[in-house]
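Dear colleague,

Please find below the structure for your consideration. My findings follow directly after it.

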Amino acid sequence: MTGGTGQQPDTTVVVWDDRLLTYDLGDHPLDPVRVELTIALAREYGLLDRPGVRLIAPEPADDAALTRVHRPDYLDAVRVAHDDPFFSGYGLGTPDNPTFDGMHEASALVAGATLAAAEAVWRGTARRAVNVSGGLHHAMPGRAAGFCVYNDPAVAIARLLDLGAERIAYVDIDVHHGDGVQEIFYDDPRVLTISLHETPLALFPGTGFPDEVGGPTAQGSAVNVALPSGTADAGWLRAFHAVVPSLLRAFGPQLLVTQCGADAHRLDPLADLGLSVDCQRAAYLALRSLADELCDGRWVATGGGGYALVEVVPRAWTHLLAVATGAPLHPATLTPPAWRALAAARCPGRPVPLRMTDDVDLDFTTWQPGGDPDPVDRAIMATRKAVFPLHGLDPHDPRD
């Protein structure tokens, strides 16, 4: 099977190589130990050895792939910034994006990993593919931003378009707005970007308002659900199900790309949403179900943000890997003793979780118009009013 059509094999590609840990900004919140511990936890559960799972090592994205979304002069800057003591500009050498030795090579490898995932799914060698080291969604065409040097989801989406894709949906559940991906495809009607994030009034990058709906020739191609600070599981799930499924069904994507940042969790130190790891697991299940319904299962998943390095990220993304590779892990599953010992050794002083759950009740009330709306309901309605009519949907009808 080629060209993104027809029956997919029931297989999952996981793109991994220890070299992906070289994307290392130093003494910085984006510590690669969170990815190391994710892969270690997934291995302990045998997820990477499941039937139908294929582990592949990436190659760095070449300049032709990177310059589909990034300016050539920016690539030149990334290559030389660390070795030039007088370098400035391009968003590099800042507290958010410090330079580091081998920055271009490490960043290109992350992009190459997401490229490999996307190509495997599009060309039909796998139904689903995951790159937990990816999801660097803030990088712009000509500058680094928000811990992100090269925008691997956008590089992968551009490759899919070049391979003939006509409708790609990108859903971003990171706590921060997926601004770079939105910016790159803002006026491209072939790409639908949906981002659920904490309100930009309170959080970086300060974009992602409901009225950001796409460029002049792609009205409705950008969707933003700006949730009030403190939104917890029930409100987040209500917002997700009030917006995402209807728009995906109206758009009819051939392939679903998701950015699964774990920083919407209540323990994350850099933001203020209140999700549990159980809610994140539920989100992954919902995304897989939508890919199965609408895209014949074609789903490319990346990691993203997440700064509770031991407490949250490894559990969240191990749940993601379980969902992508087959049966989900039961929330009450104990974390393996060997993994606990590794986590304690790698991150001394941090609490190590004993189970894959936060022991929460995920019941939520589905969205309904009218009544006495709370702040989450108002955020939902703002998004629905802004974008649903552009897809032929009624913002006031809960069936849409």
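The protein chain carries 30 positive and 51 negative charges, and the mean positions of these two sets lie 6 Å apart. Please note that the model is a predicted one, and that the values in this message are computed from it.

As regards the surface, the accessible area of the protein chain amounts to about 14,300 Å². Carbon and sulfur atoms contribute 52% of that area. Of the 400 residues in the protein chain, 60% count as buried.

Turning to the fold, the protein chain contains eleven helices and eight strands. Its radius of gyration is 20 Å, close to the 21 Å that the globule rule gives for 400 residues, so the protein chain is as compact as a globular protein of that length. Taken along the principal axes, the box filled by its C-alpha atoms is roughly 55 × 50 × 45 Å. Among the contacts in the protein chain with a separation of 6 or more, 77% are between residues 24 or more positions apart.

One residue may serve as a local example. Glu 105 is located in helix H4, which spans residues 103–122. Is Glu 105 buried, partly exposed or exposed? Its relative accessible area is 48%, and because buried means under 20% and exposed over 50%, Glu 105 counts as partly exposed. Thr 22 stands 83 residues from Glu 105 along the chain, yet the C-alpha atoms of the two residues are separated by 8.9 Å.

With kind regards

How values were computed. Residues numbered from 1 in each chain as written. Predicted model: local features only at pLDDT ≥ 70, side-chain atom pairs only at ≥ 80, totals over all residues. Heavy atoms only, no water. Helix = DSSP H or I, 4+ residues; strand = E, 2+ residues; numbered from the N terminus. Rg over C-alpha atoms; globule rule 2.2 N^0.38 Å. Buried < 20%, exposed > 50% of the residue type's maximum accessible area, 1.4 Å probe, protein only. Contact = heavy atoms within 4.5 Å. Areas by Shrake-Rupley, 256 points an atom, 1.4 Å probe, with all protein chains shown as cover. Lys, Arg positive; Asp, Glu negative; His and termini not counted. Charge placed at Lys NZ, Arg CZ, Asp CG, Glu CD.
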